[in-house]
Amino acid sequence: MNKWKFAFFALAGTVLFAILLVVFLATRPVDGVNLAESSKGESEVKGNVLVVQTTTKELESISKKYLKDAGSPLPLDFTIGEDIQLKSTLKVFYTEIPISMNFDPIVDEKGNIILKQTGMNVGLLNIPPETTMKMMRDTVEFPSWISIDPNKAEIYIDLSRINIASGSRIKAKELDLPKDKILLEIIVPGE
């Protein structure tokens, strides 16, 4: 066999192997996720309760401020409307691919928020949501009060771990985005 044919087939095999390796690593099952756990003392703050009603645009503005104050600039943007939409870009082979994910918020029994994924667009590619969330979890440094669980396609926001003034804590009471009704409880420690 000619040495050029051999070199061609060796190069083609190496490229094919590299592509298969990338596909395998991108689609393999993700490891378990440890959700952020509230410390017992923080989750049971006693005090005076203020109930605050806000709108989606106000909640979006407040959320962006707290994410900015958390210290690590997030390479993503989000909007709150009928649902919550995260937008970002993924850099693959020096090409930026737009990613957008839609979530419905759910309030758990502790007053924390679970964002359940309802839709996703990754450019024109058909990538499983678990893979995209795993890449986001592994590449973006989120504040300690945000956990991503790719297996369940969820983002867990532990409101009890967000530091607000004077040791106060915040809990979600109701998140009805289509009706633009958001109720939050602010627990201010008593004397």
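**Exercise 1. Work out how the open sheet is built: which strands, in what order, and which ones sit at the edges.**

Step 1. Start with the order: the open sheet has 3 strands, arranged β1-β9-β8, and the pairing is antiparallel. Keep in mind that you're looking at a predicted model.

Step 2. Now find the edges. β1 (47-54) and β8 each pair on one side only, which makes them the edge strands.

Step 3. Add the twist: from one strand to the next, it averages 20°.

Step 4. Zoom in on one pairing. β8 and β9 run antiparallel and share 7 bridges. Pick E174, for instance: its bridge partner in β9 is L183.

As background, strands of a sheet pair through backbone hydrogen bonds, in either a parallel or an antiparallel way.

**Exercise 2. Find the salt bridges that involve β8 and β9, and say how accessible their residues are.**

Step 1. Get the total first: searching the whole structure turns up 3 salt bridges. The idea behind them is simple: side chains of opposite charge can pair when their charged atoms come close.

Step 2. Take E185 and K173. Their closest N and O atoms are 3.5 Å apart, and the two form a salt bridge. E185 belongs to strand β9 and K173 to strand β8, so this pair links distant parts of the chain, 12 residues apart. With a relative accessible area of 15%, E185 is under the 20% cut-off and so counts as buried.

Step 3. Move on to K181 and E174, whose side chains meet in a salt bridge at 3.8 Å, N to O. K181 has a relative accessible area of 32%, so call it partly exposed. E174 is partly exposed too, at 27%.

**Exercise 3. Which parts of the chain does the salt bridge between E154 and K116 tie together?**

Step 1. Check the contact: the side chains of E154 and K116 meet at 3.5 Å, N to O.

Step 2. Place both residues. E154 is in strand β7 and K116 is in strand β5 (residues 113-122), so the bridge ties together parts 38 residues apart in sequence.

Step 3. Compare how accessible they are. E154 is buried at 18% relative accessibility, whereas K116 is partly exposed at 32%.

**Exercise 4. Where do A153 and D180 lie, and what is notable about their phi angles?**

Step 1. Recall the usual pattern: most residues other than glycine have a negative phi.

Step 2. Look at A153. Its phi is near 55°, a positive value, even though the residue isn't glycine. You'll find A153 in the loop between β6 (146-149) and β7 (154-157). Its relative accessible area is 11%, so A153 is buried.

Step 3. Turn to D180. Here phi is also positive, about 55°, and again this isn't a glycine. D180 sits in the loop between β8 (169-176) and β9 (181-189). At 33% relative accessibility, D180 is partly exposed.

**Exercise 5. Describe the aromatic pair made by F8 and F9.**

Step 1. Know what to report: a pair of aromatic rings is described by the distance of the centres and the angle of the planes.

Step 2. Count: there is 1 aromatic pair.

Step 3. Read off the geometry. F8 and F9 are 5.4 Å apart centre to centre, with 65° between the planes, and the pair is edge-to-face. The cut-off for that label is an angle over 60 degrees.

Step 4. Finish with accessibility: both F8 and F9 are exposed.

Notes. Residues numbered from 1 in each chain as written. Predicted model: local features only at pLDDT ≥ 70, side-chain atom pairs only at ≥ 80, totals over all residues. Heavy atoms only, no water. Helix = DSSP H or I, 4+ residues; strand = E, 2+ residues; numbered from the N terminus. Buried < 20%, exposed > 50% of the residue type's maximum accessible area, 1.4 Å probe, protein only. Salt bridge = Lys/Arg side-chain N within 4 Å of Asp/Glu carboxyl O. Pairing = 2+ DSSP bridges. Axes fitted to C-alpha atoms, helices over the stretch in contact; angles between N-to-C directions. Phe/Tyr/Trp six-rings, centres within 6.5 Å; stacked < 30°, edge-to-face > 60°.
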